[in-house]
Amino acid sequence: VQLPYANHGHVVLAEPSPVLFHPISSTEVRCLVDVPGTKLPADLPGYLRSRVAPQVPGELRQAFLTAIDSEPIRSMQNKQVSCQPLHQPGALLLGDAFNMRHPLTGGGMTVALSDTRLLCEMLQPLPSFEDAIATAHSTAEFYTKRKPISATINTLANALYKVFCVTGSNAHEEMRQACFDYLAKGGACARGPVSLLSGLNPSPSMLVMHFFSVALFGVGRILRPRPTFRWGAS
């Protein structure tokens, strides 16, 4: 299967929630279908065929339908797990067991690898890990130092998911389209959010700046064309 843009992830703004395609090898593509609610449809293959497949791009639709019939459909419950510090000498939690956000942006692996790198740097000065108290003292600031990158990625991932979901509200649809058009502008409008999602620029201030930029961009779209005075006889 070849994606329309090689080596890139693809997000389909489907209804009621986004569908994600991303390459996992030179010939394989993984598809993530978000199913809102607390329970899966009783007939999941039927749901994918009738509700999701018509919204999949034409280049991928046949492969999507073939995969439904020939491949096992794997499902897992998605949760939002906030990072609660574990103060247990000699022990630390990493990965989804410690902190989880919506997988739309693929930020889980980025946060886990960043946490691992940070933890290695904090433990490197120790001659051994036999002394649990010394280990805990060396990693005491772990929860504080991880916040810039983890909070930025978590906030952006969950916010994008909520924006890209369809709610039926006109105001929400305007914001959804504004967010998409803002990213489609390219340049700094795309480079900034991508650098935040990738963890290359874990800056909360840049996150706030882009949030306000999208909001103002959306307001500007609604106000166009600008109202003008019309002169004429009464």
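**Cavities, a sheet and two cores**

Two cavities of 30 Å³ or more are counted in this structure, which is a predicted model. The largest cavity has a volume of about 40 Å³. Its lining is made up of Ala14, Glu15, Pro16, Ser17, Val19, Val33, Asp34, Tyr47, Val52 and Gln55. Several of these residues come back below, so their names are worth keeping in mind: Val19 and Val33 belong to the lining of the largest cavity, and Val19 is paired with Val33 of strand E3 by a bridge.

The sheet is a convenient place to go next. Three strands form an open sheet in the order E1-E2-E3, and their pairing is antiparallel. Strand E1 (10-12) and strand E3 (29-33) are the edge strands, each pairing on one side only. On average, and with direction ignored, neighbouring strands of this sheet are turned by 15 degrees against each other. Strands of a sheet pair through backbone hydrogen bonds, in either a parallel or an antiparallel way.

Each pairing can be followed in turn. E1 and E2 run antiparallel and are joined by three bridges. A hairpin of six residues leads from E1 to E2. Within this pair, Val12 stands opposite Val19 in E2. On the other side, E2 and E3 pair in the antiparallel sense over five bridges, and the hairpin that joins E2 to E3 passes through five residues. Two of the residues with bridge partners in E3 are Val19, which is matched with Val33, and Phe21, which is matched with Cys31.

Where do residues such as Val19 and Phe21 belong besides the sheet? Both are among the residues with the most contacts inside the largest nonpolar core, together with Leu48, Val52, Val56 and Phe64. This core has 14 residues in total. At least two of its residues are supplied by each of strand E2 (19-23), helix H1 (44-52) and helix H2 (58-70). The greatest contribution is that of H1, with four residues. In soluble globular proteins, nonpolar side chains tend to be buried together.

Leu48 gives a closer view of this core. Setting aside its neighbours within four places in sequence, Leu48 is in contact with Val33, Ala53, Phe64, Ile68 and Ile73. Another core lies apart from the largest one; it has 13 residues, including Leu104, Leu156, Tyr161 and Tyr182.

Helix H1 also holds Gly46. Is Gly46 buried or exposed? Gly46 counts as buried because its relative accessibility is 17%, and the cut-off for buried is under 20%. Gly46 and Asp69 are 23 residues apart in sequence, while their C-alpha atoms are 10 Å apart in space.

The last feature is a pocket. The second largest pocket has a volume of about 230 Å³. It is lined by 15 residues, and those closest to its centre are Gln88, Ala91, Leu92, Ala136 and Thr139. Helix H3 (107-123) and helix H4 (132-138) each provide at least two residues of this lining.

Note on methods:
Residues are numbered from 1 along each chain as its sequence is written. This is a predicted model: local features need pLDDT of at least 70, side-chain atom pairs count only at pLDDT 80 or more; totals for chains, interfaces and linings use all residues. Side-chain values use heavy atoms; hydrogens and water are left out. A nonpolar core is a set of buried Ala, Val, Leu, Ile, Met, Phe, Trp, Tyr and Cys residues joined through side-chain atoms within 4.5 Å. Buried means under 20% relative accessible area, exposed over 50%, partly exposed in between (1.4 Å probe, protein chains only). Contact means heavy atoms within 4.5 Å. Two strands pair if DSSP finds at least two bridges between them. Axes are lines fitted to C-alpha atoms, for helices over the stretch in contact, and angles run from 0 to 180 degrees between N-to-C directions. On a 1 Å grid over the protein atoms alone, a cavity is a set of points where a 1.4 Å probe fits but cannot get out, and a pocket is an open set with protein on both sides within 12 Å along at least five of seven lines; lining residues have an atom within 4 Å of a point. Grid points are joined across faces, edges and corners, and a volume is the space filled by probe spheres set on the points.
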